[in-house]
Amino acid sequence: MCNHREGIMTTNTPVVVPVYALPPSHLAMSIMALTFFWPVGLAAVINAAKVDRAVFTGDLAAAERMSAAARKLSFWAFGVFGALVVLYLGFIAIMIVTTVSNLKPLQ
């Protein structure tokens, strides 16, 4: 359908504009990972902080990479913390079993 007004021809066809979803920075999760296991959490926070800078400069590919890296490193920090907790509890259980097995009855 065309509208003819004052010599200007316009069409009513919609223009398709691609919409990009901005990558999340995962900063909150990275800060939480920093408190669980700081060596890996620090790397996650650094990558999360770089996401917004890459978005503002228009480098969406780098922002996606850094967002994925921040998320992955955060999950690694949580996993390492969980493994350390399991090892600690296992160590405590071994110490308790060893102590109880070495008890001698009172005479």
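A nonpolar surface patch is made of residues with over 30% relative accessible area and no salt bridge, in which nonpolar side chains are joined within 5 Å. The exercises below apply this and other terms to a predicted model.

**Exercise 1. Determine the order of the secondary structure elements along the chain.**

Solution.
Step 1. Count the elements: the chain has three helices and two strands.
Step 2. Read them from the N terminus, which gives the order β-β-α-α-α.
Step 3. Place the named elements. Strand E2 covers residues 8-11, and helix H1 covers 27-36. Helix H2 spans residues 38-57, and helix H3 spans 60-101.

**Exercise 2. Determine how H1, H2 and H3 are oriented in each pair, using the angles between their axes.**

Solution.
Step 1. Recall the cut-offs: an angle under 35 degrees counts as roughly parallel, and one over 145 degrees as roughly antiparallel.
Step 2. Take H1 and H2. Their axes are 7 Å apart and the packing angle is about 160 degrees. H1 is therefore roughly antiparallel to H2.
Step 3. Take H2 and H3. Here the angle is about 160 degrees, with 8 Å between the axes. Because this angle is over 145 degrees, H2 and H3 are roughly antiparallel to each other.
Step 4. Take H1 and H3. The axes lie 9 Å apart at an angle of about 30 degrees, so the two helices are roughly parallel.
Step 5. Add the handedness. H1 passes H2 in a left-handed crossing; the crossing of H2 and H3 is left-handed, and that of H1 and H3 is left-handed too.

**Exercise 3. Identify the residues of the nonpolar surface patch and the helix that gives the most to it.**

Solution.
Step 1. List the members: Met 32, Phe 36, Phe 81, Val 85, Tyr 88 and Leu 89 form a patch of about 550 Å².
Step 2. Assign them to helices. H1 and H3 each supply at least two residues of the patch, and H3 gives the most, with four residues.
Step 3. Check one member against the definition. Phe 36 belongs to helix H1, and its relative accessible area is 33%. Because a patch residue needs over 30%, Phe 36 meets this accessibility condition.

**Exercise 4. Classify Ala 63 and Phe 78 as buried, partly exposed or exposed, and give for each a C-alpha distance to a residue elsewhere in the sequence.**

Solution.
Step 1. Recall the cut-offs: buried means under 20% relative accessible area, exposed means over 50%, and partly exposed lies in between.
Step 2. Consider Ala 63, which lies in helix H3. Its relative accessibility is 0%, so Ala 63 counts as buried. Ala 63 and Pro 23 are 40 residues apart along the chain, yet 6.6 Å separates their C-alpha atoms.
Step 3. Consider Phe 78, which is also in helix H3. Its relative accessibility is 22%, so Phe 78 counts as partly exposed. Phe 78 and Phe 37 stand 41 residues apart in sequence, with a C-alpha to C-alpha distance of 7.2 Å.
Step 4. Turn to the whole chain: of its 107 residues, 19% count as buried.

**Exercise 5. Locate His 26 and describe its phi angle.**

Solution.
Step 1. Find the position: His 26 is in the loop between strand E2 and helix H1.
Step 2. State the angle: the phi of His 26 is near 60 degrees, which is a positive value.
Step 3. Recall the general rule: most residues other than glycine have a negative phi.
Step 4. Compare: His 26 is a residue other than glycine with a positive phi.

Conventions: Residues are numbered from 1 along each chain as its sequence is written. This is a predicted model: local features need pLDDT of at least 70, side-chain atom pairs count only at pLDDT 80 or more; totals for chains, interfaces and linings use all residues. Side-chain values use heavy atoms; hydrogens and water are left out. Patches are made of residues with over 30% relative accessible area and no salt bridge: like charges are joined within 9 Å, nonpolar side chains (Val, Leu, Ile, Met, Phe, Trp, Tyr) within 5 Å. Accessible areas come from the Shrake-Rupley method with a 1.4 Å probe; for residues, only the protein chains shown count as cover. A salt bridge is a side-chain nitrogen of Lys or Arg within 4 Å of a carboxyl oxygen of Asp or Glu. Buried means under 20% relative accessible area, exposed over 50%, partly exposed in between (1.4 Å probe, protein chains only). Axes are lines fitted to C-alpha atoms, for helices over the stretch in contact, and angles run from 0 to 180 degrees between N-to-C directions. Angles under 35 degrees count as roughly parallel, over 145 as roughly antiparallel, 65 to 115 as roughly perpendicular and the rest as oblique. A crossing is left-handed if the near helix is turned anticlockwise from the far one by less than a right angle, and right-handed if clockwise.
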